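Reader: Please take a close look at the salt bridges. Set them in the frame of the whole chain, and carry on to their surroundings.

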Amino acid sequence: MTEVNQKFKIHQQIFKALKKKALSFEGRAPRELKEYRKNHEELANRRFLASTLKELLESIKKSNIVYLGDFHTFDQSSKNIVRILNAIQQVEKKIIIAVEFIHQNKQHVIDNYLSGAITELEFLEDINYQESWRFPWNHYKQFFDLAKKSGLQVVGLNSIGQLQERDTKAAEIISRFHGLDNLIIVIFGELHMSPNKLPQKVSDRIKATFPYTIVHQNLEAIYWQLAKNGVPDDPIVKFNQSEFVIQTSPPWIKYESMIYWYQHLSDDPSFDIHEYIIEFGTKLFDSNAQDNFLFISKAFLEILNQPVTGEILLDYNLYDHSGLSYVSKKLKKVAPKSVANFYARLLLTGKSFKLPYSNDFYCSNYSVNRLSYLAGKRVFDLIIKLNNPGFKEQQIYSKGGNEKRFIFFFYQSLMGYLSSKILNPYLKCDMYQDLARQLSALKNKPALKKKLQLTLDILDGHSKLHILLKSQTLRVIYSSAFLTAHIVADSIFENFYKTENKEFYRMMDLVTNGDLSKNKFIELKNIVFPNNEYKIQKKRFF
């Protein structure tokens, strides 16, 4: 089995387990919901072609109505919608945002909130958000922030009834606002976005030909087709000239968000209207995080062709928030004191990390991304001990100097990011141009400025590493290593899907050989970026 096929099999195992668990919370689904879901899946299995962000935005700007599918528990859906809204602000039409999550009879409340007549808290109380919707408000707050800033109109579409009834009533509202000078952005649940559902209801009412665009998000069938050939540079495809799909996440991530919602938010008595901004908390990748941590570690080791087996794989401890007291006490015993204080700060700020001088790991929440990131650090720890028997972590902090500390943190973070990216190929990070833009926009925040400047300087002047790192604090070194590692790892990953992926393993041999010298670090950077390509790289739009 090739490494890519092996990863594909791992992805399918995770997907099936999480989807099964997520759907189990629904109990016995109503017949109409099953029919909508089946219809949606069948339409997702149509033939498609590659597309581009430019083509998608051009279609949207030419349209009178745009239908944007939303997976209510998944914040990535709303983030993509906001990106689209920001990208079309200059269109020469009146933009109207029509949303499912507010009832039609609450239009006066929407108008009062946008005009500033009522506060956000009063708005949420008046629309009865706690009972009528209950999905995380911070997913949808962004639309209102944008509407207030840009003077956009927002219209409520929700109603009471069966799915078809709700589509019919929503179509009535949409058709009422239809006009050549309007661009209506319809944000509705993904199952309603099949062409023969809500879009057809609207067309039937308007009874005239008009330009429209349907935008689906993260369709499972599309993901598995694309996954066979790796993640495309532009993760947008089209079924036809007016129907597109944005793929920005593996399908199991959205089901993880669904599990989290059912277990923590849907019936959570702590969800109080006076504490309406729902923050991210403990996501459950599975009920047994220990098994999943071990499973991901093994899978990553197999992909890297690293011969680590047997009892050594089981020699670790994984702690979460329930073990905060124990982890805190253990960190107090770490020497030198500056290292203990550094890791205590990571703990207090909700970071996940490997405890120094041990096989212990702390995971602040069990999301797929975070657990796989920690598993990557675990794999690095195993590999460095296997390939460098004389390695002692204590020497990194006591005698290693800042250069050695940076390189150690760099490889830790690189392995963490790669492990996460292999499980979630759509994972993104800030690249060189993003960091440079952030730095140029900073006026205050000297600590952040120092971290960003150091990262850019290291990428540009890696041979002067010891000079750049002189007198830097452990916190700045760690942060800069983290940012640098992600930029390098993201580029290494691009070689994973190539037919023979020899370059990927050539690069990974340098990462996993146990050599923490500056020369090996420079060699890796020069192989990954032979022509300093990092200088033109920036984070993908989607």
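Author: Of the 542 residues of the chain, 56% count as buried (under 20% relative accessible area; exposed is over 50%, partly exposed in between; 1.4 Å probe, protein chains only). This is a predicted model, in which local features need pLDDT of at least 70 and side-chain atom pairs pLDDT 80 or more, while totals for chains, interfaces and linings use all residues. Residues are numbered from 1 along each chain as its sequence is written, and side-chain values use heavy atoms, without hydrogens and water.

First, the frame. The chain has 24 helices and 11 strands (DSSP runs numbered from the N terminus: helices are H or I with at least four residues, strands E with at least two). The C-alpha trace spans about 75 × 50 × 50 Å along its principal axes. The radius of gyration is 25 Å, which agrees with the value near 24 Å for a compact globule of 542 residues (taken over C-alpha atoms; the globule rule is 2.2 Å times the number of residues to the power 0.38).

Now the bridges. Side chains of opposite charge can pair when their charged atoms come close. The structure holds 18 salt bridges (a side-chain nitrogen of Lys or Arg within 4 Å of a carboxyl oxygen of Asp or Glu). Take Arg46 and Glu243: their side chains meet at 2.6 Å, N to O. Arg46 lies in the loop between α2 (31-44) and β1 (49-50), and Glu243 in strand β8 (243-246), so the pair ties together parts that are 197 residues apart in sequence. Arg46 is partly exposed, at 27% relative accessibility. Glu243 is buried, at 3%.

Asp430 and Lys539 form another salt bridge, at 3.2 Å, N to O. Asp430 sits in the loop between α18 and α19 (432-441), and Lys539 in the segment after α24 (518-528), so this pair links parts 109 residues apart in sequence. Both ends are partly exposed: Asp430 has a relative accessible area of 24%, and Lys539 has 34%.

A local pair comes next. Arg506 and Glu503 form a salt bridge at 3.3 Å, N to O. Both lie in helix α23 (502-512), three residues apart, about one turn of the helix. Arg506 is partly exposed at 44%. Glu503 is partly exposed too, at 32%.

There is also a network. Salt bridges link Lys19, Glu41 and Glu220. Glu220 is one of the buried residues of α11, along with Ala221, Ile222, Tyr223, Trp224, Leu226 and Ala227. Helix α11 (220-227) is mostly covered, with seven of its eight residues buried.

From α11, move to the second largest pocket. Its volume is about 1200 Å³ (the space filled by probe spheres set on grid points, joined across faces, edges and corners). A pocket here is an open set of points on a 1 Å grid over the protein atoms alone, with protein on both sides within 12 Å along at least five of seven lines; a cavity is a set where a 1.4 Å probe fits but cannot get out, and lining residues have an atom within 4 Å of a point. Of the 40 lining residues of this pocket, Glu26, Leu33, Arg37, His72 and Leu191 are the closest to its centre. Two or more lining residues come from each of α2, β3 (94-103), α9 (163-177), α11 and α12 (251-265). α2 gives the most, six residues. By class the lining has 17 nonpolar, 13 polar and 10 charged residues (nonpolar: Ala, Val, Leu, Ile, Met, Phe, Trp, Tyr, Cys and Pro; charged: Asp, Glu, Lys and Arg; polar: the others, Gly among them).

Set the second largest cavity beside it. The structure holds four cavities of 30 Å³ or more, and the second largest encloses about 70 Å³. Its lining is Ile10, Phe295, Ile296, Ala299, Phe300, Ile303, Ser419, Ile422 and Leu423. α13 (289-303) and α18 (401-423) each supply at least two of these residues. The largest share, five residues, comes from α13. The cavity lining has eight nonpolar residues, one polar and no charged ones.
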